[in-house]
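Trainee: I'd like to walk through this model with you, one question at a time. Could we begin as soon as it is on the screen?

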Amino acid sequence: MSDPFGAGGGAPQPLGIGDVGELAIRLGELRRWSGLSYRELHRRVVAHRRAAGVVEQPTFNTVWRCLQPGRARLDPALVADIVRALTGDESAVAMWRLAGAAVAQRRGDADVVETGTALPPADPAFV
């Protein structure tokens, strides 16, 4: 298997991705590796969804933004469709899906906020 960034000539892999931003960057690297234009990528994603009977069709801008740095969240189904369009490899789709789930889990864990169960003592000066 190649290194996570595909420097050995293979497709970039989702190994070691820590957050959504890194996932988006690595997806962009996968697109460059594939040689597909953004337009062709969008066309393939839409064609696959139509063939699968998916009603919701992403706009070009939605697909393009999914591969841009600075993302706060990503649609896991769209990530899977993008990887499928870029690689045509269902094992790659499964690997990226797992990486996306791991990132979402870490994000969910980071979003947990603990709260106290008791109110602070009454302040007689508070009006």
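Trainee: Which residue follows α1, and what is the sign of its phi?

Mentor: Happy to start there. This is a predicted model, so a word on the ground rules: local features need pLDDT of at least 70, side-chain atom pairs count only at pLDDT 80 or more, and totals for chains, interfaces and linings use all residues. Residues are numbered from 1 along each chain as its sequence is written, and side-chain values use heavy atoms, with hydrogens and water left out. With that settled, phi is near 85 degrees, hence positive, at the residue following α1, Gly-35.

Trainee: What does the secondary structure of the protein chain come to?

Mentor: Helices (H or I, at least four residues) and strands (E, at least two) are DSSP runs, numbered from the N terminus. Along the sequence the pattern reads α-α-α-α-α. The total is five helices and zero strands.

Trainee: How far apart are the end C-alpha atoms of α1, and what span should its 15 residues have?

Mentor: The expected span of a helix is 1.5 Å times one less than its number of residues. For the 15 residues of α1 that should give 21 Å, and the distance between the end C-alpha atoms agrees, at 21 Å.

Trainee: At the start of α1, which residue has a side-chain oxygen that reaches the backbone nitrogen of Gly-21?

Mentor: Here we need the polar contact, a pair of N or O atoms within 3.5 Å; within protein, one must be able to donate a hydrogen and the other to accept it, and residues adjacent in sequence count only if both atoms are side-chain atoms. The oxygen comes to within 3.1 Å of that nitrogen, and belongs to Asp-19.

Trainee: Which residues of α2 are buried, and where do they sit around the axis?

Mentor: Buried means under 20% relative accessible area, exposed over 50%, and partly exposed in between (1.4 Å probe, protein chains only). In α2 the buried residues are Leu-41, His-42, Val-45, Val-46 and Arg-49. Their arc, taken from the directions from the helix axis to the C-beta atoms, is only 130 degrees, which puts them on the same side of α2.

Trainee: Why do residues three or four places apart point the same way?

Mentor: An α-helix has 3.6 residues a turn, so such positions point the same way. The face of α2 turned away from its buried side holds the exposed residues Arg-39, Arg-50 and Ala-51.

Trainee: Where is Pro-58, and which residues is it in contact with?

Mentor: Pro-58 sits in the loop between α2 and α3, and counts as buried at 9% relative accessibility. Contact means heavy atoms within 4.5 Å. Leaving aside neighbours within four places in sequence, the contacts of Pro-58 are His-42, Val-45, Val-46, Arg-49, Val-63 and Leu-78.

Trainee: How many of the 12 residues of α4 are buried?

Mentor: The buried residues include Leu-78, Ile-82 and Leu-86. At the N-terminal end, Asp-75 caps α4, with a side-chain oxygen 3.0 Å from the backbone nitrogen of Ala-77. The helix is largely enclosed by the rest of the structure, because the number of its residues that are buried is nine.

Trainee: Which element gives the largest share of the largest nonpolar core?

Mentor: A nonpolar core is a set of buried Ala, Val, Leu, Ile, Met, Phe, Trp, Tyr and Cys residues joined through side-chain atoms within 4.5 Å. This one has 25 residues, and Leu-27, Leu-41, Cys-66, Leu-74, Ile-82, Val-83 and Trp-96 touch the most other members. Two or more residues come from each of α1, α2, α3, α4 and α5. The largest share is seven residues, from α4.

Trainee: Is Thr-87 buried, exposed or partly exposed?

Mentor: Thr-87 lies in helix α4, where its side chain reaches the backbone oxygen of Val-83 at 2.8 Å. A polar atom of that side chain also lies 3.1 Å from the backbone nitrogen of Asp-89. With 26% relative accessibility, Thr-87 counts as partly exposed.

Trainee: And Leu-98, is that residue buried or exposed?

Mentor: Leu-98 belongs to helix α5. Its C-alpha atom is separated by 9.5 Å from that of Pro-76, 22 residues apart along the chain. The relative accessible area of Leu-98 is 63%, so the answer is exposed.
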